[in-house]
Each structure stands twice: as structure tokens, then as C-alpha cells.
Amino acid sequence: MPRSNRPRRRGRPTSGEDVAPLDLDRALGGAPRTERDAGGDWLVRPVAGAASGKAYRCPGCDHEIPARVAHVVAWPASGITGPDAALSDRRHWHRACWDARGRRRPTR
């Protein structure tokens, strides 16, 4: 049998091993990080331009964030009525608008 010149990949699961499912939101946008300001803790997740498929209105400047433009999504870390309500309070911000509000100090 001829020798293969391709390097072998080690540490990758074989077809018979269990593989964790891919979380597409996390893979495309990254995990949310916690940021703190005078208003409390916020979860902030960057959104890659390729991952944004529609336009949003930035609450910081009230201008449109066109589709396929990188931006951030922020929502309260804990809502009074629970995490589901806090998640429904997500807002899409231009990166510059979010930074201008002084919420750039990560807690971790």
C-alpha cells in the first residue's frame, strides 16, 4: 500500500465517538461576556458581519445597522421577571455607540 504524505490529525473524534453538537450562534458570534456599568450587569455578544442577515436600529444613535455589518447585541444579565424576559430585551448596537456609553469594563 502506498504511503500517504498527509499529516495525521490527532485528537479529532472518530466516526464512532460521541461529538457535542455545534452551537451555531456561539460559533458565529462568540460567547456573551459580562460588562458592568451604573445600570447593572449586561451580557454583550459580538455579531460578525457575515452572521447578521437583517437590518437593525441602534438605540444609541437611532441609525440603521445595515445587514451584514458587524455590531454587538446587549441585554440585561438578569431581569426582574427572569432570564427569559431579560433575553427579550436584547438590543443591537453599533460597536462605537455601545463603547461610547461607558460599558467597556468587562467583569471577568
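This is a short walk through the structure, one selection at a time.

**Start with the whole chain**

Before you click on anything, keep in mind that you're looking at a predicted model. Show the protein chain as a cartoon and you'll find three helices and six strands. Trace the cartoon along the sequence and the elements come in the pattern α-β-β-β-β-β-α-β-α.

Now switch on a surface. The accessible surface of the protein chain comes to about 8400 Å², and 50% of that belongs to carbon and sulfur atoms. Of the 108 residues in the chain, 25% are buried. If you draw contacts as lines, look at those with a separation of 6 or more: 45% of them join residues 24 or more positions apart.

**Next, the sheet**

Go back to the cartoon and select strands 1, 2, 5 and 6. These four strands make an open sheet, in the order 1-2-5-6, with antiparallel pairing. Which strands sit at the edges? Strand 1 (33–37) and strand 6 (91–93) do, each pairing on one side only. On average, neighbouring strands here are turned by 35 degrees against each other, direction ignored. A bit of background while you rotate the view: strands of a sheet pair through backbone hydrogen bonds, either parallel or antiparallel.

**Zoom in on the hairpin**

Keep strand 1 and add strand 2 (residues 40–47). The two pair in the antiparallel sense over five bridges. They form a hairpin, with two residues between them.

Select E35 and look across to strand 2: the residue standing opposite is W42. Do it again with R36, and this time you'll find D41 opposite. It helps to know that in a regular strand the side chains alternate between the two faces of the sheet.

**Show the charged side chains**

How many salt bridges does the model have? The count comes to three, and you can visit them in turn.

Stay on strand 1 for the first. The side chains of E35 and R33 meet in a salt bridge, 2.8 Å from N to O. Is E35 buried or exposed? E35 is buried, with a relative accessible area of 2%. R33 is partly exposed, at 28%.

For the second, go back to R36 and D41, the pair you just saw across the hairpin. They also form a salt bridge, with the closest N and O atoms 2.8 Å apart. R36 counts as partly exposed at 45% relative accessibility, and D41 is partly exposed too, with 29%.

The third takes you out of the hairpin. Select R95 and D99, which form a salt bridge with their closest N and O atoms 2.9 Å apart. Both belong to helix 3 (residues 95–100); because they are four residues apart there, about one helical turn separates them. Color by accessibility and R95 comes out partly exposed at 28%, while D99 is partly exposed at 23%.

**Now the cysteines**

Select C58, C61 and C97 and show their sulfurs. A disulfide is a covalent bond between the sulfur atoms of two cysteines. How many disulfides are there in this model? The count is zero. C58 is in no disulfide, and the nearest cysteine sulfur, that of C97, is 3.7 Å away. For C61, the closest cysteine sulfur is again in C97, at 3.7 Å, so the two are too far apart for a bond. A disulfide would call for cysteine sulfurs within 2.5 Å.

Check the surroundings as well. C58 is buried, with a relative accessible area of 0%, whereas C61 is partly exposed at 28%.

**Last stop: a loop residue**

Finish by selecting S52, in the loop between strand 2 and strand 3 (56–57). Is S52 buried or exposed? It is buried, with a relative accessible area of 4%.

What does S52 touch? Setting aside its neighbours within four places in sequence, S52 is in contact with V47, A67, R68, V69 and H71. Try a distance label between the C-alpha atoms of S52 and A67: they are 5.7 Å apart in space, with the residues 15 apart in sequence.

Note on methods:
Residues are numbered from 1 along each chain as its sequence is written. This is a predicted model: local features need pLDDT of at least 70, side-chain atom pairs count only at pLDDT 80 or more; totals for chains, interfaces and linings use all residues. Side-chain values use heavy atoms; hydrogens and water are left out. A salt bridge is a side-chain nitrogen of Lys or Arg within 4 Å of a carboxyl oxygen of Asp or Glu. Buried means under 20% relative accessible area, exposed over 50%, partly exposed in between (1.4 Å probe, protein chains only). Contact means heavy atoms within 4.5 Å. Accessible areas come from the Shrake-Rupley method with a 1.4 Å probe; for residues, only the protein chains shown count as cover. Two strands pair if DSSP finds at least two bridges between them. Axes are lines fitted to C-alpha atoms, for helices over the stretch in contact, and angles run from 0 to 180 degrees between N-to-C directions.
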